[in-house]
Structures are given as C-alpha cells and as structure tokens.
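Welcome, and thanks for taking a look at this one with us. Below is a short tour, arranged by topic so you can follow along in your viewer.

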Amino acid sequence: ANNPTHVYNGAGTYTAILSVTNYSGSTDSTTHMITVSSYPPTVSGISPSQGVQGSSAPISVYGNSFVNGATITLKNQSTIITATSVTFVSATILTGTIVIPSGATIGPWDVVVTNPDMQTGTLTNGFMISSPGPGPTFTSISPPTGPIAGGTAVTITGTNFVSGGSFGV
C-alpha cells in the first residue's frame, strides 16, 4: 500500500519490518525498532482564557503530548462544553471554537484535552466564564444633524459602553 500506517495498541518497543515489492516482483525489506510511549497530554494554557455567556470565540490550547484527533472540553462540575472544529496544529497546540451557552455557569471552568486513546490532561480553573452585563443605553448625540456628504464628527453619550464597541447609523 502507498503510505502504509499502523496503530500500536500500547506502549513498548516493537520490531517494524517494511517490505516492498515492485511491479516486476522484486522485493526488498528493512527492519527498524520502534519505541512507542504513551504519555498523557498536559495542558498549560488557553487563549483567550475567558469568555461571556451566549458568545463564541476561536481558542488555542497549549501543552504537550497532544495527538491528532484530540478533543477540547470545558468542564464545570458535571457540565461540559465541547469545542467544535478542533484542529491538531502540533503536539503542543490545538485550536478550535468554543460556543458558550447563555445559561453556562459563571465562574472558573477546567480546560480538558482528551487524546484518542482516552488519556486526558486538565488545566484546573483555566477558563473563566462571565455574564455579558447590561447593554448600552444612548442618551444623546451631538450634533444631531450633518451634511449629506458625511464626515461630521459626533459625540454619543450614554451608559455601559465598552472598549472595542461600535455603532452605526
């Protein structure tokens, strides 16, 4: 087979023999010792490390011994939020998207990486979920009129504005 693969069932040292045969029947083989170790993943960080109820965000999880096919979950007691679109970047980085339900418990959540062999690594209290807080309120805009061509600077006053917010007309 082109690009043959083999999945080992456990840690240990194995003798691998690769044999090839060409179309005319000539064969050749080589033998190699392969050591398979089974280290559980470790989770050292997540970015961003906080989110708001009812929102979603791309995340990156950092650690060691990640394996292609690993999953990312947030866990708070018996409640689990599973990341979607998890991508194996390397043995030290996974990416994905976390969708935080509007009713998710406010406070710290554990970040859990589970490799396909079901070994897990946990970053205790690694992710914080908060409430979205009150929405903005507008009390005035000055000046209240401007030319059709636009370009007039305006000042908006109100409450509960946040850095990075936007507005439009």
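A residue counts as exposed when its relative accessible area is over 50%, and as buried when that area is under 20%. By that cut-off S19 is exposed, because its relative accessible area is 52%. Please keep in mind that this is a predicted model. Two open sheets, a nonpolar core and a few backbone details make up the rest of the tour.

**Two residues to start with**

- S19 is found in strand 1, which covers residues 12–21.
- Leaving out residues up to four places away in sequence, S19 touches D28 and S29.
- S19 and G150 are 131 residues apart in sequence, and their C-alpha atoms are 74 Å apart in space.
- T114 belongs to strand 10, residues 107–114. Is T114 buried or exposed? T114 counts as buried, because its relative accessibility is 15% and the cut-off for buried is under 20%.
- With neighbours within four places in sequence set aside, T114 is in contact with A70, T71, Q119 and T120.

**The four-stranded open sheet**

- Here 4 strands line up in the order 3-5-9-8, with antiparallel pairing.
- Strand 3 (42–47) and strand 8 stand at the edges with a single partner strand each, so one side of each has no neighbour in the sheet.
- From one strand to the next, the twist averages 25°.
- Strand 3 is joined to strand 5 in the antiparallel sense by 5 bridges, and V43 stands opposite G63 in strand 5.
- Strand 5 (residues 56–64) runs antiparallel to strand 9, with 7 bridges between them.
- Strand 8 (residues 84–90) pairs with strand 9 over 4 bridges, again in the antiparallel sense, and a hairpin of 2 residues links strand 8 to strand 9.

**A closer look at strand 9**

- In a regular strand, side chains alternate between the two faces of the sheet.
- Strand 9 (residues 93–99) has a covered face made of L94, G96 and I98. On its uncovered face are I93, T95, T97 and V99.
- Which residue of strand 9 is the bridge partner of V61? The partner of V61 is L94, and F88 also stands opposite L94.

**The five-stranded open sheet**

- The other open sheet has 5 strands in the order 4-11-10-6-7, and its pairing is mixed.
- Its edge strands are strand 4 (50–52) and strand 7 (79–82), each of which pairs on one side only.
- On average, neighbouring strands of this sheet are turned by 35° against each other, direction ignored.
- Strand 4 pairs with strand 11 (residues 120–130) in the parallel sense, over 3 bridges. Within that pair, G51 stands opposite I129 in strand 11.

**The largest nonpolar core**

- The largest nonpolar core holds 20 residues, and V61, V111 and F127 touch the most other members.
- Strand 3, strand 5, strand 6 (71–76), strand 9, strand 10 and strand 11 are the elements that give two or more residues to this core.
- V111 is in contact with ten residues that are worth picking out in the viewer: V43, I46, V61, T73, L74, G121, T122, L123, G126 and F127, with neighbours within four places in sequence left aside.

**Backbone details to check**

- Where do the cis peptide bonds lie? One joins S47 and P48, with omega about -5°, and another joins S142 and P143, also with omega about -5°.
- P48 sits in the loop between strand 3 and strand 4, while P143 lies in the loop between strand 12 (137–142) and strand 13 (155–159).
- S65 has a positive phi of about 65° although it is not a glycine. S65 lies in the loop between strand 5 and strand 6 and is partly exposed, with a relative accessible area of 26%.
- Q77 is another residue other than glycine with a positive phi, near 55°. Q77 is in the loop between strand 6 and strand 7, and it counts as exposed because its relative accessibility is 72%.

Methods:
Residues numbered from 1 in each chain as written. Predicted model: local features only at pLDDT ≥ 70, side-chain atom pairs only at ≥ 80, totals over all residues. Heavy atoms only, no water. Buried < 20%, exposed > 50% of the residue type's maximum accessible area, 1.4 Å probe, protein only. Pairing = 2+ DSSP bridges. Axes fitted to C-alpha atoms, helices over the stretch in contact; angles between N-to-C directions. Contact = heavy atoms within 4.5 Å. Core = buried A, V, L, I, M, F, W, Y, C linked by side-chain atoms within 4.5 Å.
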